[in-house]
Amino acid sequence: MVYKFRVILDAEEDIFRDIAILEDDTLEDLHNAIFNAFGFDGMEVASFYTCDETWNQEDEIPLFDTGDVPGEQRTMGDYKLSDLLDEQNTKIIYVYDFINMWTFLVELAAIEDQIAGAPYPETLFSHGEMPDDSGEKSFEADMHDDIYGEFEDDLDEEDLDMFEGDDSFEDFGFEENWN
């Protein structure tokens, strides 16, 4: 079978590529097809991330084993596409170049019969031009009204007055030691 993916750049403009690839190919093969389809040189580190239906990131699947024990961590080459993706599980996130954080939403759009003689993987459709940079990424935690949360120590500015005029602290000549 052939998996047809729509790979969308996470950007303000509509930039995406449709890629056909065999279901028995690996995530590493899909990684290669994506960076080629978007015109990257393939010299940067990348990872896939499993996610839920609303694109919430879950488990990382790196290009290289970065674990403490060699061989313990599974990499892109260890996963066939059919191991992770099917009619019920259609979404995965791809991040290329962890300095620039090119982020792509990858969705399985169709599963079709293989066409004899067709080259796979193949870029079927290309829409939009790649921007010069990946843009600003904002990684913000949900903040509650109480920004201190459980770490509130009940001290305020008036409490800090207790240190004024206290000569019991020894001056170690901090500024002088940095010459």
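Helices and strands are here DSSP runs numbered from the N terminus, with at least four residues for a helix (H or I) and at least two for a strand (E). The model is a predicted one. Have it open while you work through these exercises.

**Exercise 1. Layout of the chain**

Say how many helices and strands the chain has, and in what order the elements run.

Solution. Begin by counting: the chain has seven strands and three helices. Next, walk from the N terminus, where the order reads β-β-α-β-β-α-β-β-β-α. Finally, look at burial over the whole chain: of its 179 residues, 30% are buried.

**Exercise 2. The nonpolar core**

Which residues of the largest nonpolar core touch the most other members, and which element gives the most to this core?

Solution. Start with the contacts: this core has 30 residues, and F5 and F104 are the ones that touch the most other members. Then turn to the elements that supply at least two residues each: strand 1 (2-9), strand 2 (16-22), helix 1, strand 3 (46-51), strand 5 (91-96) and strand 6 (102-112). The greatest share comes from helix 1, which contributes six residues.

Now take a look at that helix. Helix 1 spans residues 27-37, and its buried residues are L27, L30, H31, A33, I34, F35 and A37. A general point helps in reading such a list: an α-helix has 3.6 residues a turn, so residues three or four places apart point the same way. Just after helix 1 comes G39, with a positive phi of about 85°.

**Exercise 3. Three salt bridges**

The structure holds three salt bridges. For each, find where the partners lie and whether they are buried or exposed.

Solution. The idea behind the search is that side chains of opposite charge can pair when their charged atoms come close.

- The first pair to look at is K4 with E112, whose side chains meet at 2.6 Å, N to O. K4 belongs to strand 1 and E112 to strand 6, so the bridge ties together parts 108 residues apart in sequence. K4 is partly exposed at 25% relative accessible area, and E112 is also partly exposed, at 34%.
- Next comes D18 with R6, at 2.7 Å from N to O. D18 sits in strand 2 and R6 in strand 1, twelve residues apart. D18 counts as buried at 15% relative accessibility, whereas R6 is partly exposed at 33%.
- Last is K91 with E53, whose closest N and O atoms are 4.0 Å apart. K91 lies in strand 5 and E53 in the loop between strand 3 and strand 4, with 38 residues separating them in sequence. K91 is buried, with a relative accessible area of 15%, while E53 is partly exposed at 47%.

**Exercise 4. Backbone angles in loops**

Why is D97 classed as buried, and why is M101? Work out, too, what is notable about their phi angles.

Solution. First, place them: D97 is in the loop between strand 5 and strand 6, and M101 is found in that loop as well. Second, apply the cut-off for buried, which is under 20% relative accessible area. D97 has 6%, so D97 is buried. M101 has 19%, so M101 is buried too. Third, recall that most residues other than glycine have a negative phi, and most peptide bonds are trans. Against that background, D97 has a positive phi near 70°, and M101 has a positive phi near 55°.

**Exercise 5. The loop before strand 7**

Which peptide bond is cis, and what is its omega? Then describe A118.

Solution. The cis bond joins Y120 and P121, with omega about -5°. P121 is in the loop between strand 6 and strand 7. A118 lies in the loop between strand 6 and strand 7 (122-127), and A118 is partly exposed, with 23% relative accessible area. To finish, compare sequence and space: A118 and A20 are separated by 98 residues, with 10.0 Å from C-alpha to C-alpha.

**Exercise 6. A charged patch**

Which residues form the negative surface patch, and where does E72 lie?

Solution. The patch consists of D65, D68, E72 and D78. E72 is in the loop between strand 4 (57-62) and helix 2 (81-84). The cut-off for exposed is over 50%; E72 has a relative accessible area of 59%, so E72 is exposed.

Definitions and conventions
Residues numbered from 1 in each chain as written. Predicted model: local features only at pLDDT ≥ 70, side-chain atom pairs only at ≥ 80, totals over all residues. Heavy atoms only, no water. Patch = residues over 30% accessible without salt bridge, like charges linked within 9 Å, V, L, I, M, F, W, Y side chains within 5 Å. Areas by Shrake-Rupley, 256 points an atom, 1.4 Å probe, with all protein chains shown as cover. Lys, Arg positive; Asp, Glu negative; His and termini not counted. Charge placed at Lys NZ, Arg CZ, Asp CG, Glu CD. Buried < 20%, exposed > 50% of the residue type's maximum accessible area, 1.4 Å probe, protein only. Core = buried A, V, L, I, M, F, W, Y, C linked by side-chain atoms within 4.5 Å.
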